[in-house]
Structures are given as structure tokens and as C-alpha cells.
Amino acid sequence: LSPSLSLPSYLFSLPIPSISSPSFIDSVSGFSLSFSDLRSLAFSASLSLHSLGISKGDVVLLVSPNSIYFPVIVLAIMSLGAVFSTANFLLTRQELESQIQDSNVSLILTTSDLSHKLDNLISKPLILIQDFISNLKPTLNNITILANTSIKTTDTAALMYSSGTTGKSKAVICSHGNLIAMSCILRDVWGGFGRNETYLCTIPMFHMFGFSVFVCGALAMMTPVVVMRRYVIEEMLMMMERHRVTKLLAVPPMVIQMVRVARKGRRLELSGLKEVVCSGAPLPREYMEMFVECYPGVTLSQCYGLTETSGPITLCDGVKGRYHVSIGRLIPTMEAKIRDIHTNKALPFNKYGELLVRGPPLMQGYLNNEEATSMAIDEEGWLHTGDLCYIDRRGLIYVVDRIKELIKYKAYQVAPAELEEILQTHPEVHDVAVIPYPDDEAGEIPMACVVRKPGSSFKEDELISFTEKKVAPYKKIRKVIFVDVIPRSPSGKILRRLIKAKVVQQQGTEISAR
Ligand code: ATP
């Protein structure tokens, strides 16, 4: 990489397939931006931001549902050497305020329906995206600004917040080099205009999975992307039919809902669909099996990544019509090893321990948090993913669970994901999460929080004996409570800390907050 390459200058240097080829298409109106429209809008938007006083190093926050203008704004911010940041638009005003202070935001762009949550949080006025975009004047290039802005590959391009599944979310610093590395990899592995692919983007662009594939990757892959504002299952299926989508990037709750819809007998015309790529959290195997039965010919593959890796670092070379239990192989340029969580030694194939990864897309560190950075990345540059995994002899990687979420029953470690997968196969279980419950003798015992299917009334004992037959004695479920809903993050992760807090509230029980 040239040391002075920025993400926008890399993406804008790639040859465009044809002047009118659509890059981003609005799912509802069908209105599309071609690759060249996108470039000229981004140039014009960077001039406009410049005139608002934004310059190198300033942090600009975009709070918005998915939109075809999301990538335009990102590239405009980055072209100035300013730093792009984003937030989950479902956060409360207080949560947004804390993120804004944490990253020292200079300017906020948002939609009119979200503006009440962001008003008066910084000294500058809020910019409404609708007004900002409609005032842009077409321009061929922004050479004047770029000539005065020297951006280095090592400069910060984005501050992306982790999901906050295991604690407070952390601001991950991504350099231009990190994001270019991710874009190049996606271009090499998934890219190729002329493959007649159409992607559907319904996962949020504010999360690293959506951001990396659709904002950094789409322009490098040169693949048209149908953009949905946000995920609603019925609407998603309708849009997949209408736009003949070939590839869907999904998180587990979407795949589960697709199975449920198909099993209710709904007729779907998804003849264009070739592949669903699932990521973000473990997907129970039972649903993988049902998925390929319900959608014959569609490949169900997985990819895996962290906010800290700037996007997916494993991809499956999916076999048509099959499902893939593994998260795939490492992408080019990355290295991986498995570490014994007790002895710290590297482990051979098929033994599980913590997955460590290293390579060009790895973050620069956490903002204002050297301690957390040095705990995450060791002196040799390995990122400790916190995931319990193993690698087989073919180089395929499998996720067992998150180390932080293992339940410590006596001297044993129990993976909640394994128990959840089994419980999901019970015909009357609608949804389930397994969490640790304090116990004087064992330390912790596995407790299942279960949402029953409507009309079912099975009891705790029945569920306990259901798992008992299927696992080693130390893993068995020892307590069950029934709940109305299992809270999940936008990337489909079970929010165990919220469930624990609820249980504490309901039962007055002290449950460890880890
Ligand atoms: P925080 O660090 O704030 O608790 P987080 O780690 O949940 O948040 P993300 O970066 O969104 O934030 O999530 C990364 C994690 O997602 C991985 O460490 C892994 O546990 C999980 N994950 C990603 N892809 C997969 C997958 N295909 N299968 C299983 N788990 C996955």
C-alpha cells in the first residue's frame, strides 16, 4: 500500500464497470445511485462539510438507519481526513450523549425523526441528512480540498463502537489502511462485476458487519446493493422477490425467522437467491438443517469477525444447497492460532481454546483506553478474540462459545451455546438463553430462560430431563425460568447481562455481572 492512500482515494481509483451501473438501490422507491453518481455526490458532500468547518482529525457522527446516502456521507467525511463515527439509532439520548463525549464529536448528521435525541448535545447545530443531500451541487472532483489534505494510510478513518454484549461498548480505532485491507479482501473474495449478483443490505450499516461489507466493501466489489432502512421479515422477503436478490447477509434471528415463515407454508418466489451468509452470533444447527430443507438450492454459509478486525476475517466457500457449521477459512493476509486458555500454549488441530488472529485489518486500538488495548492485542500483534474455537485439518474454523460467557460449574466449563442449541430442538420452545445462576455448592449452575410457543404449558422438569439425556452430567440444565422475550443486539447476540439483571429484579437473586 502506498503510505498516503485513503479509503476514498483507493475506492475512487477503481475502474467503474459502466457509467449507469447501479451501486446502491433504495428498496422501496427503486431509486438508485450509479457508481459515478455516488462519487460525484461524495465529492460534493466533502466540499459542503469543508465549508461547515470540518477538517482533518475532526470526528463527525452519523446517526441514521440504512440509506443509499450512508456511504456517500462516510466517504465525504473520510476524504477530508476527518474521522467517521456512527451509533445505533436505538440508543437513548443519554447513551448517545455518553458516546458523543467519549469520542469528542464535532458535527452530527441525522434524520429528522431522530433529531430530538441529539439536539443540543454539541455546540454546533445538527445537520439533517435530507437537507444536506438535497443541497449538494454536482461536482466532478474535490481535487482542491484533497490537494490541501494529506492523509496517511495510518491515519484514523473511523471510530466504530463494539456491540457492548459483554460490557460497555468500546470505541475501536480503524485506520484507512485497516479499511482498505478489508475492501481489497472483499473485492478479491466476493467481488467481480458481471457475476450478476445483487446483495440485500438489511443488517445495520452502523454495525461493523454492515459497515465493512456494504460501505467499505460494496464499492470495491462493484456489486449492486439493495438497501432496506431496517429489518422487518415480511418486507425483507418481499424485497428479495422484487429485486431478485442473489445474496443476503444475515444475522441468526433473520435465518430463524425465514425458516419459520417457510414452515408456515408461505409461498416464496426467491428463485434468484443463491446464498445466505450468516454472522454475528452462533446459529443453532437445527435451524441450518431446516433452512436448506425450506430453501432448496440456497447455500447457507457463515462468516466471522469482530469490530476489532474491521469486518469479516473468515469466509466459507459454500457448497451449493448445503449448510456450513464452520465459520469458514481465514481470509487472505490473516493468520490464526488457538491458545490453551489455562497454559497459554498454542494448540494443535481439533483442540479447542481461544482464537488469536493477526493481520492488516486489525484495529489500531481502543480510543483512550491503553489498558484494554494491551489486553486485547499482545506484543506479537495477536488479537485475543475472546472466542472459544477450534480449527480442523482442512483449515476450517468452528466457534464453540465466548470465553466470557462460559458457565463455571464446579471445576468444569459449560458452553451456553451448546445447551441453547439442544433446547431449541424442543418442539415447544420458541426461544431460549442459558445463563449462569449462583449456587453455593457448585459456584454456578446452568439456568435456561425459556420463551414457550403460544399455547404450550410444559414444566421445568420436562425441559431438564430433555437436556439430561443429551449431554454429560456436568452440563445439564439445573434450573428453568419462563420469560416473555430474549433480548438480542442488532447483530443477533443474546444480551445475557440484560437477562441477568431482569432475573435479579424478579427473584432478588444476586447474579454475577460478568
Ligand atoms: P463487546 O466487545 O462490546 O462485548 P461484541 O464483541 O459483541 O461487543 P462485536 O464486535 O459486534 O461486538 O462482536 C464480535 C463477536 O461476535 C465475536 O467475538 C463472536 O463472539 C461473535 N461472532 C461473530 N461472528 C460469529 C459467527 N459466525 N458465529 C458465532 N459467533 C460470531
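This is a short tour of a helix pair and a sheet in a predicted model. Local features here need pLDDT of at least 70, side-chain atom pairs count only at pLDDT 80 or more, and totals for chains, interfaces and linings use all residues. Residues are numbered from 1 along each chain as its sequence is written.

**First stop: two helices**

Select residues 35–51, helix 2, and then residues 70–79, helix 3. Helices (H or I, at least four residues) and strands (E, at least two) are DSSP runs, numbered from the N terminus. The two helices pack at an angle of about 55 degrees, with their axes 8 Å apart; axes are lines fitted to C-alpha atoms, for helices over the stretch in contact, and angles run from 0 to 180 degrees between N-to-C directions. Helix 2 and helix 3 are therefore oblique to each other (under 35 degrees is roughly parallel, over 145 roughly antiparallel, 65 to 115 roughly perpendicular, and the rest oblique).

**Second stop: the sheet**

Now show strands 16, 17, 19 and 20, which form an open sheet in the order 16-17-19-20 with antiparallel pairing (two strands pair if DSSP finds at least two bridges between them). Strand 16 (335–339) and strand 20 (397–402) stand at the edges with a single partner strand each, so one side of each has no neighbour in the sheet. From one strand to the next, the twist averages 50 degrees.

Zoom in on strand 17 (residues 353–358) and strand 19 (residues 383–391): 4 bridges join this antiparallel pair. Finish at valine 357, which stands opposite leucine 383 in strand 19.
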